[in-house]
Amino acid sequence: MTILKRFAGSLLAATLILASAAPKAYAGDYANFIKVEEYLNNFTDISTDDWFWGDVESASKAGLLKGKTYSTFDPYGRITLAEAAALVSRIHSIYNGSNETFEHNSDEPWYRVYEEYAVSNGLMKQGEFPDLEKNATRAELAYLFFNALGDEGLPQINSVANIPDVDGSEEYKKEILALYNAGIVMGNDAYGTFNPDESITRAEVSAIVSRAAFENKRLTRILLDEKSRVNIYSTEGSTVTSFSAAGRYLASEMMKGNKNIDMKELDIFGDGLSRTEIVDALKDYILSANTQNPLIFGIESFVYRSDGMLSVNYTYDTNYQMALQDAVKEKVSEIIKEIIKPGMTYIEREIAINNYLCDNVEYDNDAAQQLLKYGYVEEEHRDSFNAYGALIKGIAVCEGYAEAFKLLCDQAQITSIVVTGKLDDIGHAWNRVYISGKWYDVDVTNNDKTQMPNSALNLPMHIADLYLYEDSYYITDDLLGKLERGTDQNYEFYRYAGKYVEKENVYSYLVENIKKNGSVTFRTSSDYTMANLKRTLTSVLDNISGSRSLSYVTRLGVVYVNSSR
């Protein structure tokens with residue numbers, strides 16, 4: 001921290017039948033979707049055991065859809081373009097607070113009034129769909145729903161950049177991706193396969209309608225993404241992060257505390273490898289599995305036997321490992337329930353997790369100094385190096401922060417990994433988060449600062465690499481350096497929060513905020529140096545009346561200035 005003072009001027013350093021619209025309210029408001037009628041459970045062809053039953057109920061209560069007849073819903077019937085146009089017209093009308101009655105002329109097809117509304121309100125173009133009586137494809141329905149709600153009505157709560165069967169040439173790709181990222185649709189398998197050219201059932205449409213109208217029903221999910229090179233699987237109440245099928249198997253067994261793991265069937269060694277090469281390959285998989293899966297709670301050593309069995313010596317015995325897992329999983333669920341609210345975007349959920357850890361975890365300086373001085377820590381500090389220390393005890397070093405962040409992100413459906421390496425030539429651990437198809441750095445340990453908080457939240461590669469230096473332990477060797485890093489600065493915390501200031505505007509921004517608030521934190525260009533700041537503050541002091549001193553610090557473009565008399 002540097003102090004710059006000025007004293008008295010001296011300076012020193014069938015259809016889906018649609019019910020009537022809801023009452024008029026404010027435009028673009030989900031509160032407009034209210035209960036307008038009772039649902040009498042009158043459909044004999046669906047039951048409470050059907051996956052879509054709750055969606056039919058909620059959409060029916062909102063007056064958005066009814067059955068083919070009073071007693072039949074026809075869940076596996078297909079929706080036509082005419083029905084889709086009627087449905088999105090009604091959703092658009094209610095969402096924007098109008099009171100359209102959609103009365104059709106008996107001399108025209110029943111759907112003409114909806115077609116005219118859809119065209120006049122930009123939901124589709126005149127003549128875009130010549131045959132409205134044909135079945136709608138899933139891609140066409142996504143296009144219409146996107147137009148009904150628009151970007152503002154579809155805030156991003158997921159980070160989906162790739163859909164297996166929707167490539168760059170796919171018509172309506174933008175609209176489909178927007179619905180995935182808003183949690184309206186998520187595909188029909190773990191990879192998010194969409195089948196864009198297939199027709200869609202009334203049951204599936206009821207779910208889309210329900211999620212479109214009610215934000216708390218939208219899906220937050222991590223899809224398996226082959227292009228991301230990282231896969232996160234849910235299994236037995238936990239998540240397993242891996243870079244391959246073999247890595248997933250190994251991590252799963254280690255999370256169970258299995259001391260003897262059968263490796264004979266795994267194709268990870270190749271032909272003709274020496275025993276030393278096999279052990280090196282195993283070390284690669286074990287280190288990355290241990291780093292990416294905090295519920296393993298550490299390993300001390302391993303032995304690969306000639307019979308193809310892997311013997312693992314864990315940091316804790318199995319019973320204690322399981323007890324730690326139970327405590328941490330319970331705490332993670334409790335925290336997520338507390339801090340994650342319906343309708344939060346992907347970035348908002350991530351920021352909430354970061355802020356929770358900054359507010360509730362204290363950095364364990366004693367543990368860090370003991371490790372640096374002696375190369376080991378006493379048992380009382382051991383948990384500071386894992387998620388248990390951060391989440392249960394509230395004290396941790398960087399590894400504990402990073403592991404806790406990873407577990408909370410897993411639960412909140414945010415794709416993240418743990419990264420290991422060095423900071424200021426000292427061993428360090430931090431995270432990367434997958435945002436819009438690329439990886440951004442998050443260093444919660446260094447976000448937990450009174451001055452310049454959150455200075456390392458969603459850093460693009462060119463800033464992160466100025467001070468964070470990764471090693472090879474957190475990832476398998478075949479992927480080292482191959483995860484696509486992000487360069488978009490708009491996800492970085494200060495830009496996202498509207499606190500980025502161009503270099504040429506720093507002086508006026510400082511004068512305004514110091515006069516108004518006495519202190520200010522913001523980000524500017526990463527090449528804005530301490531010397532730049534000192535020169536600017538000299539001019540700022542000349543502009544501020546009275547005797548003042550300014551304390552200031554800057555690092556990699558984040559600036560903190562505090563004024564005192």
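These legends go with close-up views of a predicted model.

**View 1. Arginine 90, a buried charge without a salt bridge.**
Arginine 90 sits in helix H2, which covers residues 81–95. The nearest side chain of opposite charge belongs to glutamate 100, and that is 7.1 Å away. A salt bridge needs the nitrogen and the carboxyl oxygen within 4 Å. What glutamate 100 does offer is its backbone oxygen, 2.9 Å from a polar atom of the arginine 90 side chain. The side chain of tyrosine 114 also makes a polar contact with that of arginine 90, at 3.4 Å.

**View 2. The hairpin of strands E3 and E4.**
Strand E3 (residues 231–235) runs antiparallel to E4, and five bridges hook the two up. One pairing to look for is isoleucine 232 with threonine 241 of E4. Two residues separate the strands, and in that turn glutamate 236 has a positive phi of about 50°. E4 (residues 238–242) is mostly covered, with five of its five residues buried. That goes for both faces: Ser238, Val240 and Ser242 are on one side, Thr239 and Thr241 on the other.

**View 3. Helix H5, largely enclosed.**
Seven of the nine residues in H5 (residues 173–181) are buried, so the rest of the structure largely encloses this helix. The buried stretch runs through Glu175, Ile176, Leu177, Ala178, Leu179, Tyr180 and Asn181. Helix H4 (138–149) is what the buried residues of H5 pack against. Just past the end of H5, glycine 183 takes a positive phi of about 80°.

**View 4. A salt bridge between helices H6 and H4.**
Glutamate 204 and arginine 138 pair up here, with their closest N and O atoms 3.1 Å apart. Glutamate 204 belongs to H6 (residues 202–213) and arginine 138 to H4, so this pair ties together parts that lie 66 residues apart in sequence. Glutamate 204 is partly exposed at 24% relative accessibility, whereas arginine 138 is buried at 11%. The structure holds 21 salt bridges.

**View 5. The largest nonpolar core, around leucine 357.**
This core has 86 residues, and the members touching the most others are Met254, Leu310, Ile353, Leu357 and Leu391. Helix H10 (residues 346–360) supplies the largest share, eight residues. Setting aside neighbours within four places in sequence, leucine 357 is in contact with Leu391, Tyr401, Ala404, Phe405, Leu408, Val444 and Asp448. A second, separate core of 69 residues includes Tyr111, Phe145, Leu149 and Ala213.

**View 6. A salt bridge within helix H17.**
Glutamate 512 and lysine 516 both lie in H17 (residues 506–517), four residues apart, or about one turn of the helix. In an α-helix there are 3.6 residues a turn, so residues three or four places apart point the same way. The closest N and O atoms of glutamate 512 and lysine 516 are 3.6 Å apart. Glutamate 512 is partly exposed, at 44% relative accessible area, while lysine 516 counts as exposed at 57%. Elsewhere, salt bridges with shared partners link Arg432, Asp441, Asp465, Glu470 and Arg485 into one network.

**View 7. Lysine 264 meets aspartate 262.**
Their side chains form a salt bridge of 2.9 Å, N to O. Lysine 264 is partly exposed, with a relative accessible area of 47%. Aspartate 262 is partly exposed too, at 31%.

Note on methods: Residues are numbered from 1 along each chain as its sequence is written. This is a predicted model: local features need pLDDT of at least 70, side-chain atom pairs count only at pLDDT 80 or more; totals for chains, interfaces and linings use all residues. Side-chain values use heavy atoms; hydrogens and water are left out. Buried means under 20% relative accessible area, exposed over 50%, partly exposed in between (1.4 Å probe, protein chains only). Lys and Arg count as positive and Asp and Glu as negative; His and the chain ends are not counted. A polar contact is a pair of N or O atoms within 3.5 Å; within protein, one must be able to donate a hydrogen and the other to accept it, and residues adjacent in sequence count only if both atoms are side-chain atoms. Two strands pair if DSSP finds at least two bridges between them. Contact means heavy atoms within 4.5 Å. A nonpolar core is a set of buried Ala, Val, Leu, Ile, Met, Phe, Trp, Tyr and Cys residues joined through side-chain atoms within 4.5 Å.
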